[in-house]
Amino acid sequence: MSEGEFDIIQRYFTASKRSPRKDVLLSVGDDCAVTELNPNQHLAITTDTMVENIHFLPNISPTDLAYKAVAGNLSDLASMGAEPAWISLALTLPKIDHPWLEEFSKSFFSILDHYNVDLIGGDTTKGPLSITITAQGIIAKDKALCRHNAKVGDWVYVSGTLGDSAGGLSYLLQGKSAVNSAQEFLIRRHLHPTPRVLLGMELSLTGLASSAIDISDGCAADLTHILERSQCGAVIELDKLPLSAELVSEFGLAQAEQYALCGGEDYELCFTVPDSNRAKLDKALSHIGVKYTCIGQIRAINPMKNKKRIQFQRNGQPVELELMGGFDHFK
């Protein structure tokens, strides 16, 4: 008898070596999963689809693909301040390839187990390779980090360094292999981004941040989403952008800034902090080991006079900057 959908599920997607979460009452194997929320908890839900030749290259390893698919969804949860809890996976495959599935499954459960996340359901179908993940996380009541709460005077922060993923992708698009440690670093940052889960949870629980978003389409584009929802503008100091030494050494300062602002897929967090909370950040975030940098400030904007939400400065002086544009599926 030939193998089918349920054989794949049983063989490759019931493979977690970790004990199930206690809040999962019914998991893979039924028509629906059943989970449990405690009082004073809210549920955060996000869904992302990755399609071959659009979101990933055909020659990506199944290890890297599985990791990145999960990490991108966990980053969405992190931006809301949610604790990741459950994931469902819809996997479309052109054919049954056991070595590929074995490697994909191993990497998939490795990152799930690291973040104490359970796979609770999904679907497998035949067709062009694509991955759709729905991730769900838990937030304390009224603690979600939203895009619409930034206020004039708030400070704009980002975690980590920006632009590394775009630098790594540029090598992969050229079909190049890394020839030095800097290139290896950048390619790794593209294929294995770190979702800032602890940072998001800490910002949520402490109430220090007024808004947040994860950087998936480029810092400028994603910050603009906050500014539009909050009906304000921002001034960004170019000399404050956190750029890795590897990115600058490989591409130069001007290109590094473009990658930092527009490159996308860094999966760092961009968040805003009221002036009254700035002094509390170091103490609140000291134990999570994540670098964060203030890159600007929220300002008032008159859209009738100036349609640009973001103004750029260098060393305190206004700068006109042509951006290459963030990622958009339909452009």
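These legends walk through several close-up views of a predicted model.

**View 1. The protein is assigned two domains, and this view shows where they meet.** Domain 1 covers residues 5-140, while domain 2 covers residues 154-317. Between the C-alpha centres of domain 1 and domain 2 there is a distance of 26 Å. To the contact, domain 1 gives 19 residues and domain 2 gives 19 residues.

**View 2. Helix α6 packs against helix α9.** Look here for residues 197-206, which form α6, and residues 278-285, which form α9. Two packed helices are described by the angle between their axes and the distance between the axes. For this pair the angle is about 125 degrees and the axes are 11 Å apart. With that angle, α6 is oblique to α9. The crossing of α6 past α9 is right-handed. On the α6 side, the residues making the contact are L199, E202, L203 and T206; on the α9 side they are L281, A284 and L285. Sorted by class, the residues of this contact of α6 with α9 are five nonpolar, one polar and one charged.

**View 3. Helix α6 again, now with a look at its buried residues.** Which residues of α6 are buried? They are V197, L199, G200, E202, L203 and S204. The elements covering these buried residues of α6 include the helices α2 (62-80) and α9, together with the strands β4 (83-93), β6 (130-140), β7 (155-159) and β10 (269-273). Just after α6 comes G207, with a positive phi near 70 degrees.

**View 4. V197, a residue of helix α6, and its contacts.** Is V197 buried or exposed? V197 has a relative accessible area of 6%, so it is buried. Setting aside neighbours within four places in sequence, V197 is in contact with L74, A78, A82, P84 and Y115. For a sense of scale, find L172 too: V197 and L172 are 25 residues apart along the chain, and their C-alpha atoms are separated by 27 Å.

**View 5. Helix α4 meets helix α5.** The two helices are residues 164-173 for α4 and residues 181-191 for α5. Their axes lie 7 Å apart, and the packing angle is about 105 degrees. That angle is why α4 is described as roughly perpendicular to α5. From α4, the residues D164, S165, G167, G168, L169, Y171 and L172 take part. Their partners in α5 are Q183, F185, L186, I187, R189, H190 and L191. This contact of α4 with α5 is made up of seven nonpolar, five polar and two charged residues.

**View 6. Helix α4 once more, this time with helix α8.** How do the axes of α4 and α8 (residues 245-262) cross, and within what distance do they come? They cross at roughly 115 degrees and come within 10 Å. The crossing of α4 past α8 is right-handed. In α4 the contact uses D164, A166, G167, S170 and Y171, and in α8 it uses L247, E250, F251 and Y259. Here the classes are five nonpolar, two polar and two charged residues. D164, G167 and Y171 may look familiar: these residues of α4 take part in the contact with α5 and also in the contact with α8.

**View 7. S130, a residue of strand β6.** S130 has 14% relative accessibility and therefore counts as buried. Not counting residues up to four places away in sequence, S130 touches M50, V51, A90, L91 and T92. Strand β6 itself is among the elements that cover the buried residues of α6.

**View 8. Two loop residues with positive phi, N40 and Y267.** Most residues other than glycine have a negative phi. N40 has a phi near 65 degrees, a positive value in a residue other than glycine. Y267 has a positive phi as well, near 55 degrees. Where are they found? N40 lies in the loop between β2 (34-35) and β3 (41-51), and Y267 lies in the loop between α8 and β10. N40 is exposed, with a relative accessible area of 57%, whereas Y267 counts as buried at 12% relative accessibility.

Note on methods:
Residues are numbered from 1 along each chain as its sequence is written. This is a predicted model: local features need pLDDT of at least 70, side-chain atom pairs count only at pLDDT 80 or more; totals for chains, interfaces and linings use all residues. Side-chain values use heavy atoms; hydrogens and water are left out. Axes are lines fitted to C-alpha atoms, for helices over the stretch in contact, and angles run from 0 to 180 degrees between N-to-C directions. Helices (H or I, at least four residues) and strands (E, at least two) are DSSP runs, numbered from the N terminus. Angles under 35 degrees count as roughly parallel, over 145 as roughly antiparallel, 65 to 115 as roughly perpendicular and the rest as oblique. A crossing is left-handed if the near helix is turned anticlockwise from the far one by less than a right angle, and right-handed if clockwise. Contact means heavy atoms within 4.5 Å. Ala, Val, Leu, Ile, Met, Phe, Trp, Tyr, Cys and Pro count as nonpolar, Asp, Glu, Lys and Arg as charged, and the others, Gly among them, as polar. Buried means under 20% relative accessible area, exposed over 50%, partly exposed in between (1.4 Å probe, protein chains only). Domain bounds come from an automatic or database domain assignment.
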